[in-house]
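Hi,

Here is the structure I promised to pass on. Could you load it up and follow along with my notes below?

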Amino acid sequence: MLGREDDHIIGNRMREYLLNTLPEDAGILKTIRDKANQEGNPLLMEETARFLEILVKLKKPERILEAGTAIGYSSILMCQALEGRVHIDTVELDFDVASMANQNVKEAGLSDCIHVIVGDTIDVFSNLQGTYDMIFMDAAKSMYLEVLPHCTRLLNDEGLLVSDNVLFKGMILEPERKKHRTIIRNMREYLDSLCNEGTYSTSLIPIGDGVAVSIKNIKENR
Ligand SMILES: C[S@@+](CC[C@H](N)C(=O)[O-])C[C@H]1O[C@@H](n2cnc3c(N)ncnc32)[C@H](O)[C@@H]1O
């Protein structure tokens, strides 16, 4: 039953199996998740968190750019998975939420690795000059399409672009749906660009809320 906002895209029974089988958050990640659940702060679904850990361990990026810090869970997760051998710039729109992220990063002892930038992803990405080995897109779904050219400029060749929430609780199947119509259409266009324009090689993974894993192709192969 896809497309209902309260359903998981792989079905509730399968999700339960995954969660019962995968290791749970531990240490500060568990503390942050428990607090976020109590206070209603959004963060990465737990099965997606385990997937992201594997991706960063495989890619071993030295520089990561993240859109959507929230309270710092995913930045801390990526930094811990890489045993601190990474620099992460992460962008959060909401000043108070960014302050909570900074507090969590400090408590995790990772202030040297994680730099929280307060601002809108489009503005911040437009003004960044350095390049990155990996970008993790996890801010408002409505802006993924607009920010894609900046991601392409900021990513190194063979850099990894990981985009969360791309199947939008199954609503990606319903482009004519009245509620969220613009977000759904933008997301379909975003996925079409990632999959079919030749700039990226992409796989779509129906885990959590849907994850697109894309590698930026080397220029001569585009
Ligand atoms: C799904 S949460 C991010 C979860 C986080 N990556 C984690 O797993 O710990 C999305 C966050 O993006 C922020 N956000 C929304 N629109 C944004 C924008 N245009 N630029 C930067 N952050 C934005 C929201 O305030 C929210 O904290």
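**Helix α4 and its neighbours**

Let me start with the buried residues of α4: they are Tyr73, Ser74, Ser75, Ile76, Leu77, Met78, Cys79 and Gln80. Before going further, keep in mind that this is a predicted model. Helix α4 spans residues 73-81 and is mostly covered, with eight of its nine residues buried. After the helix comes Glu83, where phi is positive, near 50 degrees.

What does α4 pack against? Two other helices turned up here, α2 and α3.

Take α2 (residues 27-39) to begin with. Its axis and that of α4 come within 10 Å and cross at roughly 165 degrees. An angle over 145 degrees counts as roughly antiparallel, so α2 is roughly antiparallel to α4. The crossing is left-handed. On the α2 side you'll find Ile28, Leu29, Ile32, Arg33 and Ala36, and these meet Tyr73, Ile76 and Leu77 of α4. By class, that contact has seven nonpolar residues, no polar ones and one charged.

Now α3 (residues 46-59). Here the angle with α4 is about 40 degrees and the axes are 9 Å apart. Angles under 35 degrees count as roughly parallel and 65 to 115 as roughly perpendicular, so at about 40 degrees α3 ends up oblique to α4. This crossing is right-handed. The α3 residues involved are Ala49, Leu52, Glu53, Val56 and Lys57, and they face Ser74, Leu77, Met78 and Ala81 of α4. The class count for this contact is six nonpolar, one polar and two charged. If you click through both contacts, you'll see Leu77 listed with α2 and again with α3.

**Around the ligand**

Which residues sit closest to the ligand? Of the 19 that surround it, the closest are Leu44, Gly68, Ala70, Tyr73 and Ala140. Tyr73 is already familiar as one of the buried residues of α4 and as part of the contact with α2. Both α4 and β2 (87-92) supply at least two residues each to the shell. Sorted by class, the shell has twelve nonpolar, three polar and four charged residues.

**A second helix pair**

Further along the chain, α7 (residues 144-154) and α8 (residues 181-196) pack with their axes 9 Å apart and at an angle of about 30 degrees. Under 35 degrees counts as roughly parallel, so that is how α7 runs relative to α8. From α7 the contact takes Tyr144, Leu145 and Leu148, and from α8 it takes Asn186, Met187, Glu189, Tyr190 and Ser193. These residues divide into five nonpolar, two polar and one charged.

**Strands β5 and β7**

Two residues are worth picking out here. Leu161 is in β5 (residues 155-164), and Ser214 is in β7 (residues 211-216).

Is Leu161 buried or exposed? The cut-off for buried is 20 or more other C-beta atoms within 10 Å. Leu161 has 24, so it is buried. Setting aside neighbours within four places in sequence, Leu161 is in contact with Ile135, Met137, Cys151, Leu155, Tyr200, Ser214 and Lys216. Its C-alpha is 15 Å from that of Val91, with the two positions 70 residues apart along the chain.

Ser214 counts as buried too, because it has 25 C-beta neighbours inside 10 Å. With neighbours within four places in sequence left out again, its contacts are Leu161, Leu194, Tyr200, Ser201 and Thr202. Ser201 is 13 residues away in sequence, yet the C-alpha to C-alpha distance to Ser214 is 5.4 Å.

**Positive phi values**

Most residues other than glycine have a negative phi. Besides Glu83, I noted two residues that depart from that pattern, Glu158 and Asn165.

Glu158 has phi near 65 degrees and lies in β5. It is exposed, because it has 12 other C-beta atoms within 10 Å, and 12 or fewer is the limit for that label. Asn165 has phi near 70 degrees and sits in the loop between β5 and α8. Unlike exposed Glu158, Asn165 counts as buried, because it has 25 C-beta neighbours inside 10 Å.

Cheers

Conventions
Residues are numbered from 1 along each chain as its sequence is written. This is a predicted model: local features need pLDDT of at least 70, side-chain atom pairs count only at pLDDT 80 or more; totals for chains, interfaces and linings use all residues. Axes are lines fitted to C-alpha atoms, for helices over the stretch in contact, and angles run from 0 to 180 degrees between N-to-C directions. Helices (H or I, at least four residues) and strands (E, at least two) are DSSP runs, numbered from the N terminus. Two residues are in contact if their C-beta atoms, placed from the backbone, lie within 7 Å. Ala, Val, Leu, Ile, Met, Phe, Trp, Tyr, Cys and Pro count as nonpolar, Asp, Glu, Lys and Arg as charged, and the others, Gly among them, as polar. A crossing is left-handed if the near helix is turned anticlockwise from the far one by less than a right angle, and right-handed if clockwise. A residue is near a molecule or strand if its C-beta atom, placed from the backbone, lies within 6 Å of it.
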